[in-house]
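Could you walk me through this structure, starting from the charged pairs inside it and then working out to the rest of the fold?

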Amino acid sequence: MASLVQKSILTASSLMALQLVSRLFTFGLNQALFRLASPAAYGAAAIQFELILSSILFLSREGVRNAILRAPKRVNEGKVDNERARQDNLSFLPMLVGIPLALFTSVTYAHFAAEEVKNQPYFSITIALYAIAAVGELFSEPMYNLAMSTLQTSVRVRAEGLAISAKSIATLLVLVYDAKRQHAQPGELGLISFAVGQLAYSTVLFLSYLVNFGMAAIFPGRPADAKTIWTWIDYDLFGLSLTMTSQSVVKHFLTEGDKFVLSAFSPLEDQGGYAMAVNYGSLIARIIFQPIEETLRLFFSRTLNAVSNSSHTTNKPSSESTQAITSASRTLSSLLTIQTAFSILLVVFGSSYLPLVLPIMLPRSFLHTSAPRVLSAWVWYIPFLALNGGLEAFFTSVATSSHFMNQSRWMVLFSMLYIGSAIILYRAGFGDASLVYANIINLSARIAYCLNFTTIYFNSTQNSTSSPVFSIRRSLLPSWAFVLSVAISRAVIAKSEAYFKPLELVNNFGRGVLFQKYFIAHVAVGGCLGLACLGVWWMTTGRHMKLSMPSRTSRNKTE
């Protein structure tokens, strides 16, 4: 049987492949979509209706998903005992919660929405379709949790890949049909096209899971010793899911805070420009960071499950627990080391070359909006997003109910910090980029909180006479040789900019600059320097890193 580390790496790589293929596919479709949909329609769909959808889904299922990952792993796939049946039945709660939540959210939004949104064609029908799509997606939750708990990554990759493709194609087809209609108002179906796409996503997702798991997976199983329906679920996991859900309310506000602010204060056209910029800026986060975060939650939950169980029976960790702690600490430390190094490369090279890419990549109508400034801010935002994702994945995997309650109190403070920072930066003239910089400040506080928790956790689970298994300095500080190579690269790029003047070439030739030799030479300089920096990092740091592979004994306990 393959080790949990190997399965986790396979899970991460499969999810990255899914995100890469689907995002590249949708990226091409979005180029056409941006030119067919009006900024107002895109702003309403990508900011306001996506906020409604994410609120319904996040608040209904996030706590349950994380709680189920903390449950002991399924040992015998052919036999489901009473305890396992109760754990599986918890997956059906998001459906029950989601239906009234979808109704309440959609009705409330329809009542309080701004007039410019209500005046969009098919406004009411669009809300209804988004609510139905959200509930439809929640019907896939039992099968999603089954795929995750049994490490059937291929099932999820296939289902989500088909669903994302169906969403993009359906949206584009409606927009193309709308553009070709005669004697019709231009863009009349713009808003509803996104709702049709979301409905296609939830439908294809559900059917894909259903083909793999069969009809039995969409019905709860009755435990043999259950006397009433109230004994069909695991109440320990249920209590943990409630705690995680309550904590998720504040986290959801922080995650979607920019959409709340934009929905309240920005006109729809500006919301469309911001949404398009974030759509591009979040490609790296969705392709790389999201799969890593999900895989880490699974890995840490499984690896450290024995540690959590043993802590209830003895104050001294067993040898298996010690090995699990070492494995988890090395994995987390290696991840943070990689993220720090690549974040430095992204900031240095991204900030230098992004101004050259934007006039080529963005539709011409968006070049004069806030999109370029927002994308420039995203270069600085991505490193913080990466560090926070891995650290919060660890926190979610090992934290107790009291830890979650304590974090919730701090999250309230972080929310106030985010709002205050956004207002100050808006008044200072940063425009919509203020939301990105405010998120950087917010994530910095959350990273500091999680680093403190992580250090305390590992220090409390090791022998006092041994060296620390987790070190912030060792994990986050790159080697001096790598820092020096990056600094030299930045100086060389500046000299190359002064000599080749690539920005002037872009302004003069537009997309035709791709065939200009001076532009190609400047890009080649950056590419060679980037490879050189990667080589220095590998020689000084990368080749010395290793993941701690559990022994056969610990694998049997965690698999």
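Glu-137 is buried, with a relative accessible area of just 6%, in this predicted model. Its partner is Arg-61: the two form a salt bridge in which the closest N and O atoms are 3.3 Å apart. Arg-61 sits in helix α2 and Glu-137 in helix α6, so the pair ties together parts of the chain that are 76 residues apart in sequence. Arg-61 is buried too, at 13% relative accessible area. These two are also part of something wider, because a salt bridge here means a side-chain nitrogen of Lys or Arg within 4 Å of a carboxyl oxygen of Asp or Glu, and by that rule Arg-61, Arg-65, Glu-137 and Glu-141 are linked in a network.

The count of salt bridges comes to six, and a couple of others deserve a look. Glu-392 pairs with Arg-446, with the closest N and O atoms 3.0 Å apart. This one links distant parts of the chain, since Glu-392 is in helix α16 while Arg-446 is in helix α18 (residues 433-460), 54 residues apart. Glu-392 counts as buried at 4% relative accessibility, and Arg-446 counts as buried at 4% as well.

Now for a local pair. Glu-160 forms a salt bridge with Arg-156, and their closest N and O atoms are 2.7 Å apart. Both belong to helix α8 (residues 153-180), and being four residues apart there, they are separated by about one helical turn. Buried or exposed? Glu-160 counts as buried at 11% relative accessibility, and Arg-156 is buried with a relative accessible area of 4%.

Let's step back to the whole chain. It has 23 helices and zero strands. Of its 559 residues, 55% count as buried. Take the contacts between residues at least 6 apart in sequence: 83% of them join residues at least 24 apart. As for the outside, the chain exposes about 25600 Å², and carbon and sulfur atoms supply 66% of that.

What about the nonpolar interior? The largest nonpolar core has 61 residues, and the ones touching the most other members are Phe-49, Tyr-109 and Tyr-274. Helix α2 (residues 39-69) gives this core its largest share, eleven residues. Domain 1 (36-265) and domain 2 (268-476) both contribute residues, so the core lies between them. Tyr-274 is a good one to click on: leaving out residues up to four places away in sequence, it touches Ile-47, Asp-258, Leu-262, Val-374, Asp-432, Leu-435 and Val-436. Apart from this core lies another, of 40 residues, with Ile-292, Leu-335, Phe-395 and Val-398 among them.

Leu-335 also turns up in a distance to Ala-386: their C-alpha atoms are separated by 9.7 Å, with the two residues 51 apart along the chain. Ala-386 is found in helix α16 (residues 371-398), and at 2% relative accessibility it counts as buried. Which residues does Ala-386 contact, leaving aside its neighbours within four places in sequence? Those are Phe-289 and Gln-339.

Over on the surface, Ile-338, Phe-342, Leu-531 and Leu-534 make a nonpolar patch of about 340 Å². Helices α15 (319-361) and α22 (517-540) are the elements that give two or more residues to this patch. Leu-534 lies in α22 and is partly exposed, with a relative accessible area of 31%.

Last stop: the backbone. Most residues other than glycine have a negative phi. Tyr-122, though not a glycine, has a positive phi near 60°. Tyr-122 lies in the loop between α5 (115-118) and α6 (123-138), and it is partly exposed, with a relative accessible area of 35%. Lys-501 also has a positive phi, about 50°, although it is not a glycine. Its place is the loop between α20 (480-500) and α21 (502-509), and Lys-501 is partly exposed at a relative accessible area of 40%.

Notes
Residues are numbered from 1 along each chain as its sequence is written. This is a predicted model: local features need pLDDT of at least 70, side-chain atom pairs count only at pLDDT 80 or more; totals for chains, interfaces and linings use all residues. Side-chain values use heavy atoms; hydrogens and water are left out. A nonpolar core is a set of buried Ala, Val, Leu, Ile, Met, Phe, Trp, Tyr and Cys residues joined through side-chain atoms within 4.5 Å. Buried means under 20% relative accessible area, exposed over 50%, partly exposed in between (1.4 Å probe, protein chains only). Domain bounds come from an automatic or database domain assignment. Contact means heavy atoms within 4.5 Å. Patches are made of residues with over 30% relative accessible area and no salt bridge: like charges are joined within 9 Å, nonpolar side chains (Val, Leu, Ile, Met, Phe, Trp, Tyr) within 5 Å. Accessible areas come from the Shrake-Rupley method with a 1.4 Å probe; for residues, only the protein chains shown count as cover.
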